[in-house]
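Here's a walk through one protein, taken a piece at a time. Keep the viewer open and click along as you read.

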Amino acid sequence: MSDCAGFIIQEREAVWMDHNNILMIEDDPAIREGVRILLEGEGYHVEEAENGRMGLEKLTAKGYAPVVKGMWWMQGEAEVTNSANANAYAELLSDLIDDLRADLTRISGSDLSGMPFVLGKIYRNPDPQYTQFAYIDTVRAAQQKVADEKFNVFPVDCTGLKQQD
């Protein structure tokens, strides 16, 4: 068996790539269809799975031995407009990381309790149209707090990076 050529996990979706073959893991059928259409238009052969377990099963059935090396997480936009959500963010993010590591350990059979978790800190946009995000500093501070307190959590400040809406 060989290892995966590439495995990228983002928020709720994952993509495995090997040459022109892509396995997309996404729970929303509309998103799966839209991304599949775009990728096929670029010449890729796309297979789909609606969750991580199904994706791993498909990879294993093809003779691959998938290895999860880490996770990238970019989220927090919904929490910046509400005080209660912003103030609960650190605890919920910490629980999410613990739960993901435990679930992936159980599913993969490998110890992923210290799996690297790269955390994209929410974008601080200076444009006045984004002033409704009153709790952005609260969420950013919560993201940094979790990164400071948890093992192998690495924050990446996305402020100033090109944004795609």
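Which residues does Ser113 touch, not counting those up to four places away in sequence? Go and find Ser113, and bear in mind that you're looking at a predicted model. The residues in question are Arg101 and Thr105. Ser113 itself sits in the loop that runs between helix 3 and strand 6, the latter covering 117-121. There's also a partner close by in sequence: the side chains of Ser113 and Asp111 make a polar contact at 2.7 Å. If you'd like a C-alpha distance to check, try Ser113 to Ile97, which comes out at 9.4 Å for residues 16 apart along the chain. As for solvent, Ser113 counts as partly exposed because its relative accessibility is 47%, and the buried class needs a value under 20%.

Now zoom out. The protein has 4 helices and 7 strands, and reading along the sequence gives the pattern β-β-β-α-β-α-β-α-β-α-β. It has 165 residues, 33% of them buried. If you take the contacts with a separation of 6 or more, 60% of them are between residues 24 or more positions apart.

Back to helix 3, which spans residues 83-108, and its pairing with helix 4, residues 136-149. The two axes come within 8 Å and cross at roughly 30°. That angle is under the 35 degrees cut-off, so helix 3 is roughly parallel to helix 4. The contact draws on Ala86, Asn87, Tyr89, Ala90, Leu93, Ser94 and Ile97 from helix 3, and on Thr138, Val139, Ala142, Gln143, Lys145 and Val146 from helix 4. Sorted by class, that's 8 nonpolar, 4 polar and 1 charged residues. The handedness is worth checking on screen too: helix 3 passes helix 4 in a right-handed crossing.

Another residue of helix 3 to click on is Ala102. With a relative accessible area of 42%, Ala102 is partly exposed. Its C-alpha is 7.2 Å from that of Leu112, and the two residues are 10 apart along the chain.

Leu112 turns up again when you look at Val68. Val68 is in the loop between helix 2 (52-61) and strand 5 (71-74), and leaving aside neighbours within four places in sequence, Val68 is in contact with Leu104, Leu112 and Met115. Val68 and Leu104 are 36 residues apart along the chain, yet their C-alpha atoms are separated by 8.2 Å. Val68 is buried, because its relative accessible area is 13%. Gly70 lies in that loop between helix 2 and strand 5 as well, but at 25% relative accessibility Gly70 counts as partly exposed. From Gly70 you can jump to Val118: they're 48 residues apart in sequence and 7.6 Å apart in space, C-alpha to C-alpha.

Next, hop over to helix 4 and pick out Arg140. Is Arg140 buried or exposed? Buried, because its relative accessibility is 7%. What does its side chain reach? A polar atom of the Arg140 side chain lies 2.7 Å from the backbone oxygen of Ile122. Setting aside neighbours within four places in sequence, the contacts of Arg140 are Lys121, Ile122, Arg124, Asp157 and Thr159.

Follow the chain on from helix 4 and you get to Asn152, in the loop leading to strand 7 (153-157). Have a look at the backbone here. Most residues other than glycine have a negative phi. Asn152 isn't a glycine, and still has a positive phi of about 60°. Its relative accessible area is 22%, so Asn152 is partly exposed.

Last stop: Glu26, in the loop between strand 3 (21-25) and helix 1 (29-41). Glu26 counts as buried because its relative accessibility is 1%. What lies 3.0 Å from a polar atom of the Glu26 side chain? That would be the backbone nitrogen of Asp28.

Conventions:
Residues are numbered from 1 along each chain as its sequence is written. This is a predicted model: local features need pLDDT of at least 70, side-chain atom pairs count only at pLDDT 80 or more; totals for chains, interfaces and linings use all residues. Side-chain values use heavy atoms; hydrogens and water are left out. Axes are lines fitted to C-alpha atoms, for helices over the stretch in contact, and angles run from 0 to 180 degrees between N-to-C directions. Helices (H or I, at least four residues) and strands (E, at least two) are DSSP runs, numbered from the N terminus. Angles under 35 degrees count as roughly parallel, over 145 as roughly antiparallel, 65 to 115 as roughly perpendicular and the rest as oblique. A crossing is left-handed if the near helix is turned anticlockwise from the far one by less than a right angle, and right-handed if clockwise. Contact means heavy atoms within 4.5 Å. Ala, Val, Leu, Ile, Met, Phe, Trp, Tyr, Cys and Pro count as nonpolar, Asp, Glu, Lys and Arg as charged, and the others, Gly among them, as polar. Buried means under 20% relative accessible area, exposed over 50%, partly exposed in between (1.4 Å probe, protein chains only). A polar contact is a pair of N or O atoms within 3.5 Å; within protein, one must be able to donate a hydrogen and the other to accept it, and residues adjacent in sequence count only if both atoms are side-chain atoms.
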